[in-house]
Each structure stands twice: as structure tokens, then as C-alpha cells.
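The following report describes the fold of a single chain, beginning with one of its sheets and ending with the chain as a whole. Please read it alongside the sequence and the coordinates.

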Amino acid sequence: MTVGIVGAGITGLALTHYLGERGADSVAFEAASDPGGVIKSERVDGRVLEHGPQRTRLTADIEALVDDCGLRGDLRTADTDLPLYVYVDGRLRRVPFSIEEFVSTDLLSVRGKLRLLAEPLTEGARDGETAADYFVRKFGPEAYHNLVEPLFGGIYGSDPAEMPGEYALRTVKKMERSGSLIRAAVNRRLEGKGREAPVSFDDGMAQLPRALYEHNADRVALETAVDRIVPEGTGYRLETEDGSHRVDHVVVTVRADVAAGLLADVDADSARALRRLYYNPLAYVHLHSAAAPAGYGYQVRHDEPLRTLGVTWNASLFDRDGVYTCFLGGMKNPGLVDRPERELGRIAREEFEAVMDAEAEVVNVTRYPRGIPAYDGSWTAMADVDLPDGITLASNYAGRMGVPARVREAKRLAERFAGDDVGADAPLAEATG
């Protein structure tokens, strides 16, 4: 079996790597000149700026890739005990990650804490409810607005009130199998399963996909866009400027709208459904400041009079020479991303200075009209995606977001392909996780 992979982001590169380890035949095509997809890093005036994920977690799979690529010496590891904050009622308040912090935190009133502790007495996820409905019912309105809304919504740049639980609560539903989210978290701590360390690399997050590419360059074609996917016999033909490539199975890892264009000849209905998926626009504003706080950074409660969604303290996490990454736009204010770069920089700088009580200067502004999957009501379109055998969607809109999830899915797919185990009786949902 030959596997054709469309896209050399982290999913496509990890899949290529794992298939190679298993002696399976594959070829990956990437339209861009650099590998990595949404993982992008650059140096500006000697400082590392992240234009995608700011960090990842050192899961067992990622640690193995680090060693496979010889990156152990370039690994930067942050302290798992660093605090995370939410900006509430005009000041930063620490998010509790332990019983002691829960008792002392001023993010919740005594009444709010007691209501949260009643979570084990509540019912599990219900059909048809939004993420907001679920979390308010489970934890109470105060914990939702001060904790869950800014933290859970911040992952997607979305409003949980607009996120159907069917798509946004997959991980939460797995945790519920113990009967309670709080019980699941406590059990995890008792079993010694703490949070994996946050990590990056000396040259930024993009160092990992670059190393994966270098280790598998003979099976990855950069600057080679796939123009069409055409059914041919029992397999498919990938058409590029360099010619046609016959494969037995295709794994599509690119953004939903790009995938839709490629799959129009394969399944028009599925292609139309993919075009309906909405991505939240985002702007990244990198600041330089002499502020020296310790922590991950902060998210902003949705009703605060700030347009900044949150700020990552790269300087604290990975000793990034005074670098702070501010996020603007998202579902809260999508039109903001269309404003001039100078205005976006001014907003981020002024709000950072107000929150941190420290001066800052703008280093860089980057806008992404299609930033990250919204998991809003448009995601119900996924119910209409029913691709034929031999086509697998493997991306953050078909599975989970985050580098660990993408690597885990790639490994699972490689195991199935290497065993020649993906076929008519392997449904899309199972193949994509």
C-alpha cells in the first residue's frame, strides 16, 4: 500500500515519520516552501517569535520524536508549577491547580467554590446542549464566567455559548466516564499523572517540524501543491505541477476549505460541507517588555473592557528575552483582525501596559483571517462529511486540536496503515479519532 499525504504540517510529517519507521510506502506534498503548517517560528532582532502554537506538552509521543530527531539538547522545558492567570474585575487572579490554591484563590467567592464542589452531583453531558450550557450546569455561573469561559473559550478563540457540545466536549465526555470531572482530575493526581511539562525549542516550535522534515526529506515534497485528487481504479491520483502520483490511500491534513477544493471530484457533498466550517480570525501581536512576571500568562474574562483575548508570557516560560505574545480577534471581535497593523499593535501595547503596569514596544504584528477552528454552529456540517473508502481526513477540524493530539492521531493512523488495516470496515470517525 502507498499512502499519499496532502500537507506537511505536524500531522503529515509525524505520519510520514511513523510510516517510515514501519517500512510503509508514503509520499507527502506541501504547497509551502517550509514544513510545519500552522507551526511557524522566526527570529526578529535575535528574538524568537511564535506565529502559531506557543508551546506544546512533553507527552511520551512527542518526547520520542524529540529523541528520534536529535533535539534533546535544544529542548526548552518550563516549570509545570508556574501560575496561570485570568484578568477579572481589573486585575490578574491566579487559576487554582491544587487544593491549596483552590482554597486561597480569589477568582471564586466562597459560594462559587461550594457550587463548583457540587459538580459530582450533577448529570453528565446532555444531547443538544452547548459547551456553555454544560459548564454552567456542572460548575455554576460564577465558575463558568471567571474560569471556564476564558480558559476553555481561549483555546479556540470562541464563545462556549456558540459551541455545540457534540463537537466541543469530546475530551470532557471521556473524563466523565469516572462519573465526575472533579473526581477524574483528583484520581489523575492520586495516580501520579500530573501535567506534562510545557516545552519548546531553542529556535522555537518550528524546530520540531523542520527536524521531522530533514529526517524524512526523501518522502516529502515541498513547494509541490496537490491541485486535484482524482479517483482511479481502487485508489487515487494526486495531480501536482510535477505530474500525477498514483496512491492507494490519501490522508488529507490541510485546512477545511483547501481540502474541500481538492475533494470536489471525490465527493461533492462532503466538499460542500467542509466549505461551511468557520475559522476564527486571529491577530498575533508580539511585544517586548522589561516586565518580569513568572507564569504562563493570562486570559481575559469575556466581559472585561479589553480587546485582548489573552497574553502568553514567552519570556517567563522559555527565557525568550522579554517576548510576550498578545492575541486579538477570535469570535469575540472578528472584525478587529481587519484593522491596520499599526492599530492592532497600539491596542495590544496599551492594554498590556495597563494590565502589567510595565512599558512595552511592538515587535511584530501578524494577521490570520482563518486562524483556528471555531467549533461553533457551523461544525454541524461535519455530519454531512461522508468520504469514500481510501480517503481520511486527519486535521484539527476532523479530530482534536493541539500538537500532542495531532501526533497521537498520526501514530494511530500509521499503525493501521502499516497493518494494512484501513478499509471498508474502518469508518471515518474511527480513522480520524
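Five strands form an open sheet in the order E10-E2-E1-E14-E20, and their pairing is parallel. Because strand E10 (220–221) and strand E20 (391–393) each have a single partner strand, they stand at the edges of this sheet, and one side of each is left without a neighbour there. Strand E14 (residues 249–252) runs parallel to E20 and is joined to it by three bridges, with Val250 standing opposite Ile391 of E20. Strands here are DSSP runs of E with at least two residues, helices are runs of H or I with at least four, and both are numbered from the N terminus; two strands count as paired if DSSP finds at least two bridges between them. In general, the strands of a sheet pair through backbone hydrogen bonds, either parallel or antiparallel.

This is a predicted model, in which local features need pLDDT of at least 70 and side-chain atom pairs count only at pLDDT 80 or more, whereas totals for chains, interfaces and linings use all residues. Residues are numbered from 1 along each chain as its sequence is written, and side-chain values use heavy atoms, with hydrogens and water left out.

Antiparallel pairing appears in other parts of the chain, and the table lists four such pairs.

| Strand pair | Bridges | Opposite residues |
|---|---|---|
| E5 (residues 56–57) and E9 | two | Arg57 and Pro198 |
| E6 (residues 75–77) and E9 | three | Arg76 and Ser200 |
| E11 (residues 226–232) and E12 | six | Ile229 and Leu238 |
| E12 and E13 (residues 243–247) | five | Leu238 and His245 |

In strand E9 (residues 198–201), Pro198 and Ser200 point one way while Val199 and Phe201 point the other way, yet all of them are buried, a term that means under 20% relative accessible area with a 1.4 Å probe and protein chains only, as against over 50% for exposed and values in between for partly exposed. Strand E12 (residues 235–240) has six of its six residues buried, so it is largely enclosed by the rest of the structure. The hairpin of E11 and E12 has two residues between the strands, and Gly233 takes a positive phi near 60° in it; E12 and E13 likewise form a hairpin, with two residues between them.

Leu71, in the loop between helix H2 (60–68) and E6, is buried with a relative accessible area of 5%. Leaving aside residues up to four places away in sequence, Leu71 touches Val66, Phe201, Gln207, Leu208 and Ala211, where a contact means heavy atoms within 4.5 Å. Leu71 and Asp202 are 131 residues apart in sequence, while their C-alpha atoms are 9.5 Å apart in space.

For the chain as a whole, there are 16 helices and 20 strands. The radius of gyration is 22 Å, close to the 22 Å that the globule rule gives for 433 residues, so the chain is as compact as a globular protein of that length; the radius is taken over C-alpha atoms, and the rule is 2.2 Å times the number of residues to the power 0.38. The C-alpha trace spans about 65 × 55 × 40 Å along its principal axes, and 56% of the 433 residues count as buried. Among contacts with a separation of 6 or more, 68% come from residues 24 or more positions apart.
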